[in-house]
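Welcome! Please take a moment with the sequence and the 3D view before reading on.

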Amino acid sequence: MTEFNQKEFAFTSSKGLKIKARFDGGTVSSDGGMMFVREADKRLRLTPRAAKCIDDPRQAGKVNHAVTQLVQQRVYALACGYEDANDFESLRNDPLWQSLCDKDGQLAGKSTLGRFENRINGNSAAQINALFVELFIASFKLAPKQIILDFDATDNPVHGMQEQRFFHGYYDRYCFLPLYVFCGDQLLCAYLRPSNTDAAKHAAAILKLLCRRLRKAWPKVQIIFRADSGFCRDRILTWCDRHRIDYCVGVARNPVLQYEAEVFLNRARDQYERTGEKQRLFGAVIYGAKSWTLKRPIIVKAEHSEKGANPRFVVSSLYGDNEHIYDKIYCARGEMENRIKEQMQLFSTRTSAHRWWANQWRILLSAMAYVLVQYIRATALGATELAKAQCATIRLKLFKIGALIVRKSRHIRIHLSESYPLQSLFYLVWERLQAT
């Protein structure tokens with residue numbers, strides 16, 4: 001951190017009044033609203049349960065910082081906008097942050113946090129992903145009739161000569177290729193992969209594990225696997241057919257498929273040329289790629305406009321109107337892209353460690369921060385101005401509140417800024433979390 005000797009700062013005067021500033025305001029925090037994240041964690045018990053998934057080889061009598069506190073420091077910090085462990089060189093002395101982590105004294109610094117991150121292994125990562133599934137199941141009071149599992153991959157840029165570093169031609173850079181699974185707004189899996197692999201790598205195994213656990217909890221639930229054409233693999237579709245898992249998956253365009261759908265494509269073109277208006281027609285064909293074990297029904301969206309033909313294809317086991325399946329079920333998967341963007345808002349791209357499993361851990365830290373913020377959004381922000389807000393907006397408007405911290409022998413008092421503009425919302429969130 002840059003050192004300075006300046007004791008007072010002068011700024012341009014206002015209405016003839018001199019403006020001067022000093023770092024002498026007492027114990028002040030900029031994160032007064034973070035108590036909501038702690039309250040969410042107290043109800044979900046996410047960080048304590050995640051801590052139990054992590055091996056701790058340290059000698060019990062020589063431990064100053066419990067694993068749970070180390071997990072809380074990193075997860076809460078990401079939710080609040082602090083992307084690096086370096087930030088705790090200052091935050092470790094903040095009494096609010098000490099209270100957030102139930103620590104009576106100084107929190108862990110960057111060195112301790114760095115050593116901790118490098119202790120994570122594959123077994124820990126698998127258990128934490130399983131924890132996400134358990135939290136998802138527990139969020140339902142009654143068994144759902146239908147759930148849709150959205151699978152998608154994204155690029156995660158590397159920051160140096162890291163383990164499993166590869167160049168990806170589509171993204172035109174060196175990156176990782178993490179796989180995410182969501183059901184609506186809820187995260188079920190965050191799995192880091194190298195980028196020199198198929199986008200669907202390990203998706204079949206993860207789908208199998210998820211469906212097995214979900215069917216154990218809800219034997220009669222309808223499960224729909226939804227993904228883009230990068231996950232259209234015969235192995236996945238065949239497994240779904242055999243295990244009563246429905247699917248709605250994009251299919252990449254190719255000459256054979258376009259030939260099979262020619263009647264719909266020509267009709268859309270002819271109607272556009274006759275009317276001059278954009279045309280969207282729907283139909284279905286039976287198609288099987290050479291790598292498929294059988295032919296399957298393919299929904300055809302034949303679209304033609306001033307830009308020319310824009311056909312789309314979807315393979316689906318669902319019965320019903322083709323346009324409804326395409327528009328209301330398949331296209332709804334686009335909402336998952338917003339959930340992945342929220343992972344980035346929580347700094348999932350800070351995979352700058354050298355070791356592979358340390359970077360997998362950072363993906364999971366961001367995922368855990370998302371789970372806590374999503375819990376607040378789902379349980380306390382409904383029908384408010386932040387009901388559909390993304391994580392970055394919730395952080396800015398609800399967590400980043402100036403507060404004076406007074407710590408006494410019997411209580412800790414947080415004096416929030418009197419000029420905070422969303423006081424009524426703050427009270428509503430508190431009231432709703434207390435009721436959960």
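The notes below look at aromatic contacts and then at a charged surface patch.

## About the model

Please keep in mind that this is a predicted model.

## Aromatic pairs

Let us begin with the rings. The count of aromatic pairs comes to 19. One of them joins F136 and F140, whose ring centres are 5.2 Å apart with 80° between the planes, an edge-to-face arrangement. How do the two partners compare in exposure? F136 is buried at 2% relative accessible area, while F140, at 28%, counts as partly exposed.

F151 and F225 also form a pair, with ring centres 5.1 Å apart. Their planes meet at 75°, and because an angle over 60 degrees counts as edge-to-face, the pair falls in that class. F151 sits in strand β4 (residues 146–153) and F225 in strand β10 (residues 222–227), so this contact ties together parts that are 74 residues apart in sequence. F151 has a relative accessible area of 0% and is buried; F225 is likewise buried, at 0%.

## An aromatic cluster

Rings can also gather in a group: F36, Y420 and F426 make up one aromatic cluster.

## A positive surface patch

Now to the surface. Which residues form a positive patch there? The members are K201, K208, R212 and R235.

Where is K201 found? K201 belongs to the loop between β9 (186–191) and α8 (203–217). Its relative accessibility is 40%, so K201 counts as partly exposed, a class that lies between the 20% limit for buried and the 50% limit for exposed.

Notes:
Residues are numbered from 1 along each chain as its sequence is written. This is a predicted model: local features need pLDDT of at least 70, side-chain atom pairs count only at pLDDT 80 or more; totals for chains, interfaces and linings use all residues. Side-chain values use heavy atoms; hydrogens and water are left out. Patches are made of residues with over 30% relative accessible area and no salt bridge: like charges are joined within 9 Å, nonpolar side chains (Val, Leu, Ile, Met, Phe, Trp, Tyr) within 5 Å. Accessible areas come from the Shrake-Rupley method with a 1.4 Å probe; for residues, only the protein chains shown count as cover. A salt bridge is a side-chain nitrogen of Lys or Arg within 4 Å of a carboxyl oxygen of Asp or Glu. Lys and Arg count as positive and Asp and Glu as negative; His and the chain ends are not counted. The place of a charge is taken as NZ of Lys, CZ of Arg, CG of Asp or CD of Glu. Helices (H or I, at least four residues) and strands (E, at least two) are DSSP runs, numbered from the N terminus. Buried means under 20% relative accessible area, exposed over 50%, partly exposed in between (1.4 Å probe, protein chains only). Rings of Phe, Tyr and Trp (its six-membered ring) pair if their centres lie within 6.5 Å; planes under 30 degrees apart count as stacked, over 60 as edge-to-face and the rest as tilted.
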